[in-house]
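The following account leads from one helix packed on a sheet to the sheet as a whole, and then to the loops and the ligand surroundings. Please keep the sequence and the model in view while reading.

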Amino acid sequence: MEKNETTNKSGYLLDTAETKIALDKIATDVTATDALVEEAFEHLKSVFVRHFRSAMLEAGQYLIEKFYNGDYNLATEKKFNKNESLLQLFKKIQGDNTGNVPGKTWLYDSINLAIDERKYCKVSAYGKLGHSHKVKLTNTGNLPEDTKVSLIEEAAEKEYSVSTLQERISQEKQKLDGITVSLTEELKPEILKTLDFEKLTTIRIQTQARLLKAAIEKALYEGNLKRIHQALKSAEKKDKKQNKVAKVVGFQEWTESKNNVNICTGCSNDCKYCYAKSMAYKFKQVQEGQWANETIREKDVDKKYKLYAGRVGFPTSHDITPTNVDAYIQALEKLLDAGNEILIVSKPNLECIKKICDVTSDYKDDILFRFSIGSSNDGILHFWDTNAPLYEERKESLKYAFDNGFQTSVSMEPLLDSANVVTAATDLVPYVTDFIWIGKMNHINPLKKKAKENNDSPLLEQIDVIESGQTDEKIKAIYAEFQSSPDLFKKLKWKDSFKKVLGIEPPKEPGMDI
Ligand code: SF4
């Protein structure tokens, strides 16, 4: 740090001028605080002396007058317990719920204070003591008078605080007991041996009482600890739940899973990377190798469809093919009639798209087509997407929907030909009203594992091509290349796999389509 610099409380650097201003301000604050404390202290003291002290003395004098007929000697004997009327007064006070009368201890102290005020009126040191000191001196127990007077003089001379005076009273009381025993410290046998039967019995009772109190407290604390532990566990769970940011990936980026509708099991396109297929095989919903045999689920075609909250993805785990298109349209019309907005994702078959466009022409605003076109190269498309339509048919479908006034978008996920992605996007973008999405091929490892098990060299080779086309460097290069064509760049959206590499914030919730 430079010589003319210093840091403030937050650790930020301040130059010399700023430091001076800060220090001046602190000094001003301290002075202001001192003055405030002093003023409040003096004010409270005067209120206390004016009201509290004279009230206590007046109450004590009144009680002696009323209940001891003004006989201070009788009152000095402290036969409170034998004074029936005084006991009744205390009982009444205890039962009072107005909160406007003093407590029993305060009244005892007031009587004792009145006695002391009269008794020590000739001891000049007593007059120098404060009210609280005097109240402390009313509780000196069996201390001899000369000891109490000595304490009064000592306190006045040495200007004891109230707590110091209390300490001195305790010390004198202990001297009177003959031995100092602290129950909160280990009692040494040699000390205990010096105590008589009565003293030992007393400290045994006191110790038992402390032990009982400690046991009750221990049980309370143990119970509380258990309860705190339980509360901590649920607070932790709640906290985790609140802080958990749902990972939005795959189709969820476009629509919420609960809004997905499908009417078919299996898909004749039989793409090699198909995630729906791998899941269906894993959970034995479809026999291995049978994915291409589509089965229309009539109950899903025939059922009633409600209005969903948010855009509906239909289909999401199969495609629209000549085999199922009529069934698809039946369900689609019901969804549209119910007021839903539909995202139609497909590797489009031109005839199917024409049919859909023709029957839904009244719902153009409620439909967004998203055609999957991972490459403009037919060889690549045929390899990966097996039986799906080739490039020109997909492009024609896009053009048809666009020309007929539908909302259109393209998905280049998985990106199958990263080397030519800009060319393909440039070719397609004139027919896109919405966006072109670009994303990696996901779930490559299970695909690779299977290819190795089957000694499927062509698949392994193509997986290599895909992997080398979606490294971080390649993704950044693709992004940079698109940036150099601003009009095209504006029409792009990036799937989660690209966002991660590009440092783009993921969507906070599913279905945001951003
Ligand atoms: S079109 Fe979609 S659902 Fe059909 S096989 Fe290909 S990836 Fe799977």
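**A helix across two strands**

Helix α17 (residues 421-428) lies across β8 and β9 (436-438), and the helix runs at about 170° to β8. The model is a predicted one. Strands β8 and β9 run parallel and are joined by three bridges, with M412 standing opposite I438 in β9. The chain passes from β8 through α17 to β9 in a right-handed β-α-β crossover. Strand β8 itself is mostly covered, since five of its six residues are buried.

These elements belong to a wider arrangement. The protein chain contains 22 helices and 10 strands. Six strands form an open sheet with parallel pairing, in the order β5-β6-β7-β8-β9-β10. Its edge strands are β5 (312-313) and β10 (492-494), each of which pairs on one side only.

From the β5 edge, the sheet can be followed strand by strand. Two bridges connect β5 to β6, and the two strands run parallel. V312 stands opposite I342 in β6, while G313 has L343 as its bridge partner in that strand. Between these strands comes helix α13 (residues 325-337), and β5, α13 and β6 together make a right-handed β-α-β unit.

Strand β6 (residues 342-346) is joined in turn to β7 by five bridges, again in a parallel pairing. I342 has I367 as its bridge partner in β7, and I344 stands opposite F369 in β7. Helix α14 (residues 350-359) completes a right-handed β-α-β unit with β6 and β7.

On its other side, β7 pairs with strand β8 (residues 407-412) in the parallel sense over five bridges. L368 stands opposite Q407 in β8, and the bridge partner of F369 in β8 is T408. F369 of β7 is thus placed opposite I344 and is also bridged to T408 in β8.

**Burial of the central strands**

How many residues of strand β7 are buried? In β7 (residues 367-372), six of six residues are buried. In a regular strand, side chains alternate between the two faces of the sheet. In β7, I367, F369 and F371 lie on one side and L368, R370 and S372 on the other, and all of them are buried, so that both faces of the strand are covered. The buried set of β7 includes the charged residue R370.

Strand β6 presents a corresponding picture: five of its five residues are buried. I342, I344 and S346 point one way from β6, L343 and V345 point the other way, and all are buried. For the protein chain as a whole, buried residues make up 25% of the 514 residues. Of the contacts in the protein chain with a separation of 6 or more, 74% are accounted for by residues 24 or more positions apart.

**Backbone features in the loops**

Two loops that follow strands of the sheet contain cis peptide bonds. The bond from F314 to P315 is cis, with omega near 0°, and P315 is found in the loop between β5 and α13. The bond from E413 to P414 is likewise cis, with omega near -5°; P414 lies in the loop between β8 and α17. Each of these loops is part of a β-α-β connection described above, the one from β5 through α13 to β6 and the one from β8 through α17 to β9.

Positive phi values occur at two residues that are not glycines. D270 has a positive phi of about 55° and lies in the loop between β3 (264-265) and α11 (275-282). D270 is partly exposed because 19 other C-beta atoms lie within 10 Å, whereas a buried residue has 20 or more. D513 also has a positive phi of about 55° and is found in the segment after α22 (496-502). With 18 C-beta neighbours inside 10 Å, D513 therefore counts as partly exposed.

**Around the ligand**

Which residues surround the ligand? They are C267, N269, D270, C271, C274, A276, K277, S317, H318, D319, K347 and A388. By class, this shell has five nonpolar, three polar and four charged residues. D270, noted above for its positive phi, is one of the residues of the shell.

Conventions. Residues are numbered from 1 along each chain as its sequence is written. This is a predicted model: local features need pLDDT of at least 70, side-chain atom pairs count only at pLDDT 80 or more; totals for chains, interfaces and linings use all residues. A residue is near a molecule or strand if its C-beta atom, placed from the backbone, lies within 6 Å of it. A residue is buried if 20 or more other C-beta atoms lie within 10 Å of its own, exposed if 12 or fewer, and partly exposed in between; C-beta atoms are placed from the backbone. Helices (H or I, at least four residues) and strands (E, at least two) are DSSP runs, numbered from the N terminus. Two strands pair if DSSP finds at least two bridges between them. A crossover is right-handed if, with the strands pointing away from the viewer, the path from the first strand over the helix to the second runs clockwise. Two residues are in contact if their C-beta atoms, placed from the backbone, lie within 7 Å. Axes are lines fitted to C-alpha atoms, for helices over the stretch in contact, and angles run from 0 to 180 degrees between N-to-C directions.
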